[in-house]
Amino acid sequence: MVRGARCAPGAGTDVNATTPEGSASAARIPRHLAIVMDGNGRWAEQRHRPRSFGHRAGQKAVREAVEFCLRQRIEALTLFAFSSENWRRPQDEVGALMELFLKALDKETDELHGHGVRVRFVGDLTAFAEPLRQRMQAAMAKTAGNTALALNVCVNYGGRWDIAQAARRAAEAVARGELTADAIDERTLAPYLSLADLPPPDLFIRTGGEHRISNFLLWQIAYAELYFTDTLWPDVDQACLQRALDDYAGRQRRYGRTGAQVAQAS
Ligand code: IPE
Ligand code: IPE
Ligand code: MG
């Protein structure tokens with residue numbers, strides 16, 4: 001594998017130097033990493049292969065990302081695998097993706113379980129065919145007690161859907177008399193959103209060169225640090241992810257305060 005050539009670390013970045021234990025940037029490792037895994041189609045097209053070939057190749061990068069998070073002791077990894085808009089793609093590509101999800105579930109669940117990964121599928125799962133839904137539910141049930149890494153796979157997910165379903169569930173709570181309409185604010189709505197039990201993403205990575213959110217976690221990334229790389233998803237390896245973490249470690253997160261206030265508090 002031509003790792004260095006595909007995803008060369010930046011000047012002065014030692015891929016092996018930053019580990020959670022004993023490194024100066026230990027406190028600067030994100031607790032929650034969210035990734036838009038983009039570029040599979042272009043990766044395949046560059047090789048004159050069908051787009052589905054790129055999606056299959058992308059599975060290896062998913063394994064790399066999971067391994068990386070386990071090594072770095074990152075608490076949560078949220079991957080955008082299929083958006084609520086991706087149904088608009090040609091039917092054969094959607095079909096190939098569903099087939100791939102099915103196979104991946106059969107192939108990877110035991111291994112993830114063995115590594116202590118808790119897997120959750122996030123999105124409107126009602127749109128999927130029954131065999132796929134059943135496997136998703138089985139993988140979630142099997143790994144529910146694991147604590148090494150919370151892996152969230154967003155499928156038929158949209159950030160707007162998420163906010164709308166939260167509003168609907170809050171309205172249902174109002175109808176049941178458990179909540180009053182005038183008590184609905186950011187704090188009382190937050191528990192109804194997906195991933196509410198996890199810290200919000202600290203670092204948002206999008207691969208594949210596009211600089212957009214594409215309806216990913218709109219609410220949850222309000223204060224995430226954004227990182228974009230041109231590397232196409234199938235080419236992403238641990239060195240590439242390390243480079244994003246090194247960049248993150250140099251950011252100052254101000255949450256509305258001044259730089260001086262933040263410097264004083266730390
Ligand atoms: C991301 O890669 C994977 C999915 C959306 C399922 P793309 O398939 O969007 O790849 P490009 O952007 O066309 O290269
Ligand atoms: C976003 O990528 C969705 C996933 C990575 C699953 P897209 O490739 O679908 O996004 P757009 O259409 O270019 O915005
Ligand atoms: Mg794309």
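# A guided tour of a predicted chain

Start with the whole chain on screen: of its contacts between residues with a separation of 6 or more, 75% come from residues 24 or more positions apart. Contact here means heavy atoms within 4.5 Å. What you are viewing is a predicted model, in which local features need pLDDT of at least 70, side-chain atom pairs count only at pLDDT 80 or more, and totals for chains, interfaces and linings use all residues. Residues are numbered from 1 along each chain as its sequence is written, chains are lettered from A and ligands numbered from 1 in the order in which they are written, and side-chain values use heavy atoms, with hydrogens and water left out.

**Stop 1: the overview**

Switch to a cartoon view, and you can look for nine helices and six strands. Both are DSSP runs numbered from the N terminus: helices are H or I with at least four residues, strands are E with at least two. Of the 266 residues, 48% count as buried; buried means under 20% relative accessible area, exposed over 50%, and partly exposed in between, using a 1.4 Å probe and protein chains only. Now show the surface: the chain exposes about 13,700 Å², and carbon and sulfur atoms supply 51% of that area. Such areas come from the Shrake-Rupley method with a 1.4 Å probe, and for residues only the protein chains shown count as cover.

**Stop 2: the sheet**

Select the strands next. In what order do the six strands of the open sheet lie? The order is β3-β4-β2-β1-β5-β6, with parallel pairing. At the edges are β3 (117-122) and β6 (225-228), each of which pairs on one side only. Neighbouring strands are turned against each other by 20 degrees on average, direction ignored. Two strands are said to pair if DSSP finds at least two bridges between them. In general, strands of a sheet pair through backbone hydrogen bonds, either parallel or antiparallel.

Zoom in on β4, residues 149-157. Nine of its nine residues are buried. On one side, β4 pairs with β2 (residues 76-83) in the parallel sense over seven bridges. Try picking T78, whose bridge partner in β4 is N152, and then A76, whose partner there is A150. With β3, β4 shares six bridges, also in the parallel sense; here V119 has L151 as its partner in β4.

**Stop 3: F121 and the cores**

Stay with β3 and select F121, which is found in this strand. Is F121 buried or exposed? F121 counts as buried because its relative accessibility is 12%. Leaving aside neighbours within four places in sequence, F121 is in contact with L105, M136, A139, M140, V153 and V155. You can also draw a distance to N156: F121 and N156 are 35 residues apart in sequence and 9.5 Å apart in space, C-alpha to C-alpha.

F121 also belongs to a nonpolar core, meaning a set of buried Ala, Val, Leu, Ile, Met, Phe, Trp, Tyr and Cys residues joined through side-chain atoms within 4.5 Å. The largest core has 42 residues, of which I35, L77, F121, L151 and V155 touch the most other members. Helix α4 (residues 91-114) gives the most to this core, with six residues. Apart from it lies another core, of 15 residues, among them V36, V122, Y157 and F216.

**Stop 4: the β6 edge**

Move over to β6, which runs parallel to β5 and is joined to it by four bridges. L203 stands opposite E225 in β6. Colour the two faces of β6: E225 and Y227 make up the covered one, L226 and F228 the uncovered one. In a regular strand, the side chains alternate between the two faces of the sheet.

Now select R251, in the loop between α8 and α9 (259-265). Which side chain does the side chain of R251 meet in a polar contact? The partner is the side chain of E225, at 3.0 Å. A polar contact is a pair of N or O atoms within 3.5 Å; within protein, one must be able to donate a hydrogen and the other to accept it, and residues adjacent in sequence count only if both atoms are side-chain atoms.

Finish at T231, in the loop between β6 and α8. T231 is buried, with a relative accessible area of 12%, and its side chain makes a polar contact with the side chain of T229 (3.1 Å).

Terms used. Axes are lines fitted to C-alpha atoms, for helices over the stretch in contact, and angles run from 0 to 180 degrees between N-to-C directions.
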